[in-house]
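Please open the model in your viewer and keep the sequence panel beside it. The tour below goes from one selection to the next and says what is found at each stop.

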Amino acid sequence: MVSISMGSTLSAKPSPWACRLSVTAVHFFILVLFLQNMNADTWLAILGVIVVHLYSAVALYLWSNLDRTTAGDTVIVAVTLEFILIAVLFWDRFSDWPWSTFFGLFVMQSCAYLGVRFWRGLSKAPPTAWFGLVVILLYVLMAAAAPVIAPFGESEIVGFEYEPWGGEFLLGTDNLGRDMLTRLIYGGRNTIGIAFLTTCLAFFLGSFLGFVAATLGGWTDQGLGRLCDIMMAIPGLIFILMVLSVTGTSIPVLIVVIGVLDSTRVFRLSRAVAMNIVVMDYVEAARLRGESLWWVMWREVLPNSMAPLVAEFGLRFCFVFLTLSALSFLGLGIQPPLADWGSMVRENATLITFGDITPLLPAASIALLTVGVNFVVDWFLHLTSGLRE
Amino acid sequence: MGKLAAMVARRLALGLLTLFIVSVFISLGVEFLPGDLATAVMGQSATPETIAAMRKELGLDLPLHERYIEWLWKMMHGDMGVSLANQREISELIGTRLENTLFLAMIAAVVAVPLAVTLGILAALYRYSLYDRLVNITTLSSISFPEFFVAYILVLVFAVTLGWFPSISNVSPGLGFWEHAYRVSLPALTLTLVVIAHMMRMTRAAIINLLASPYIEMAALKGMTRSRIIIKHALPNALAPIINVIVINLAYLVVGVVIVEVVFVYPGLGQLLVDSVSTRDIPVVQASAMIFAGTYILLNLTADVLSIATNPRLMHPR
């Protein structure tokens, strides 16, 4: 086994001091963060304290199982301490938003962890994939710590309508006099968050049913397959509009409708992938051992169909994200006063006729994210197909 | 020939069945989804009597099968009911709008299809060249862009900066063909850009797939030029997947107009559908959704039948 090398010559497992120190630092930092907020919202703060303990436990567990080097540890500790340092320097901003600070830290630590864990693959990634990864990281960080970064409140009216760029408002103000930059940051959080939840729903539903159909076969397979065919026969946007006209538009409805509709594509893929796996000898062996359906799906089929599913997750996310923005653009998605990139384009569209590109900023943000995700998925597909051949 | 006819017939039967199930869903979807429509339409302040009257007007008090058969019967005779918002006949409301939408989709298709096929053939001919890579990157990014982004960029460039085309497609029934076409040029261009990528990539892939075949090698050894090989030998054999992807994209075109119509305030069916969804004008939504879904299903069916029919193995059975 070649150990992970990050320019370091040490290959032996380093002492766990860094891991313990870092987790302790994070633990106390977040503890202070939530405790000083005790007066503002007691129950949320208590929940926060519980979450801190769980988080520390998980971090300690994951980290001690990581195949580590000194360099890898240094990266994780450095990222963590840096974040804490920034938070302490701008304490009055961060202390107002304990949850956002926590999410920001969570994102930074997860990225550092994943970066170290998969460094060997990452170091060979092409520049387009790196570009995509950096874009995704920035977006996620922005979404996680939105209130801390944004200069104003989400729907706070801070100036006149359509103020130009520069000065107090970096990107000007929108049609109601709200700060454009703030809206952009919050809009990213809302759209990305909802799109992510929707994609997760589509995946749980689609891959679960797909695996069930492939493992059981027979009537279950036929029934689910035909149902899926019918749903795919209606054009997606029309289907969603139909449902929204009856139920009215709200965030849970959006998540469920788009999620269920999109699960049909996941169903097709996961069924096709699982079909090739369930005929393997090891699945046969598991069945002969008398393992349950659940075991076969969870322990035999799922781990072996991970690669195509992860790639599909990226593509589905893009698709859901575009659908959601399109709906918001039509005024039928995320409703004001919540910020959203699609509806921001619509609200400020009049500016375009004056040659002002401000309304294109949210649209460009959407495009940048989808392009970034596509680049990463391209690389990932290339990687996994190369490994399999 | 019997086998081919049987396959086409089976596919057609399946398509009709799908159409039937979709129509059931669209007409009765109100029933299966949560929330009471009559209450939603009338608002919170409605009395039980007015709600009951509303339910009667919408036909919600009839049993399901009666409601569906009545709806279908009327639909087939061109009577789509009355709009809840302004009490106008839906068929009258939809008539010119449907024409407008089809006109826009047609213009986009007339530009997009030959352009996509030509670009695809050129990309296959000069594969791995700078041109190929350029086209590849452009089409990949145009797939990832939201439609309204493409639309507004075009407005910014062609309507605001250059002033060549109108930024709003304001059409009225009495317009001549060329004037109408001129006014929808920007929405048509947007749609073209949106669908061209997929068609072009498929054309390129379909041709490149064939280039390893022995008969292509034979043609090359005969001393034919590359362009002649591709046009005379590869293209006819790649026709089935190309036709398939073209028809599928035409189907997408009919549906994709919704957002483009809203951007350019074009009085088409998509615009009507979106407006009706926000005012919750269910009969109009049902009628336009049925038209969209029907067109989509029929075009997809055509794609299936054509790809069966152009399959050389089925055309020339041994």
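What percentage of the 318 residues of chain B count as buried? With buried taken as 20 or more other C-beta atoms within 10 Å of a residue's own, exposed as 12 or fewer, and partly exposed as anything in between, the C-beta atoms being placed from the backbone, 37% of the residues of chain B are buried.

Before going further, note that this is a predicted model, in which local features need a pLDDT of at least 70 and side-chain atom pairs count only at pLDDT 80 or more, while totals for chains, interfaces and linings use all residues. Residues are numbered from 1 along each chain as its sequence is written, and chains are lettered from A and ligands numbered from 1 in the order in which they are written.

**Stop 1: colour by confidence**

Colour both chains by pLDDT, the predictor's confidence in each residue, from 0 to 100. Chain A averages 82, with 94% of the residues at 70 or above, and chain B has a mean of 81, with 92% of its residues reaching 70 or more. For the complex, the predictor gives an ipTM of 0.82 and a pTM of 0.84.

Among the elements of chain A, helix H1 (residues 17–35) has the lowest mean pLDDT, 78, and helix H9 (residues 180–216) the highest, 91; helices here are DSSP runs of H or I with at least four residues, strands are runs of E with at least two, and both are numbered from the N terminus. Now select residues 1–12 of chain A, where the pLDDT is below 50, although this stretch has 18 contacts in the model beyond near neighbours in sequence; a contact means that the C-beta atoms of two residues, placed from the backbone, lie within 7 Å. Where pLDDT is low, the predicted coordinates should not be read in detail. In chain B, the corresponding extremes among the elements are helix H15 (residues 312–315), with the lowest mean at 64, and helix H10 (residues 214–222), with the highest at 88.

**Stop 2: chain B by itself**

Hide chain A, and chain B shows 15 helices and zero strands, with a C-alpha trace that spans about 85 × 60 × 35 Å along its principal axes. Select helix H4 (residues 64–76) of chain B, whose 13 residues should span 18 Å at 1.5 Å a residue, and whose end C-alpha atoms are indeed 18 Å apart; the expected span is 1.5 Å times one less than the number of residues. Just after H4(B), Gly78(B) takes a positive phi of about 80 degrees.

Next, move to the loop between H12 and H13 of chain B, where Val265(B) is placed. Val265(B) has a positive phi of about 45 degrees although it is not a glycine, and it is partly exposed, with 13 other C-beta atoms within 10 Å.

**Stop 3: where the chains meet**

Bring chain A back and select the contacts between the chains: 43 residues of chain B are in contact with 36 residues of chain A. H7(B) gives the most to the side of chain B that touches chain A, with nine residues. By class, this side of chain B has 32 nonpolar, nine polar and two charged residues, where Ala, Val, Leu, Ile, Met, Phe, Trp, Tyr, Cys and Pro count as nonpolar, Asp, Glu, Lys and Arg as charged, and the others, Gly among them, as polar.

**Stop 4: the nonpolar cores**

A nonpolar core is a set of buried Ala, Val, Leu, Ile, Met, Phe, Trp, Tyr and Cys residues joined through C-beta atoms within 7 Å. In the largest one, of 164 residues, Ile238(A), Ile240(A), Ala289(B) and Ala293(B) touch the most other members, and H12(B) gives the most to this core, with 16 residues. Centre the view on Ala293(B), which, leaving aside its neighbours within four places in sequence, is in contact with Ile234(A), Pro235(A), Ile238(A), Val22(B) and Ile26(B). A second, separate core of 17 residues includes Leu33(A), Phe34(A), Phe83(A) and Phe102(A).

**Stop 5: along chain A**

Finish at the loop between helix H15 (306–329) and helix H16 (341–347) of chain A, which holds Pro337(A); the peptide bond from Pro336(A) to Pro337(A) is cis, with omega near 10 degrees.
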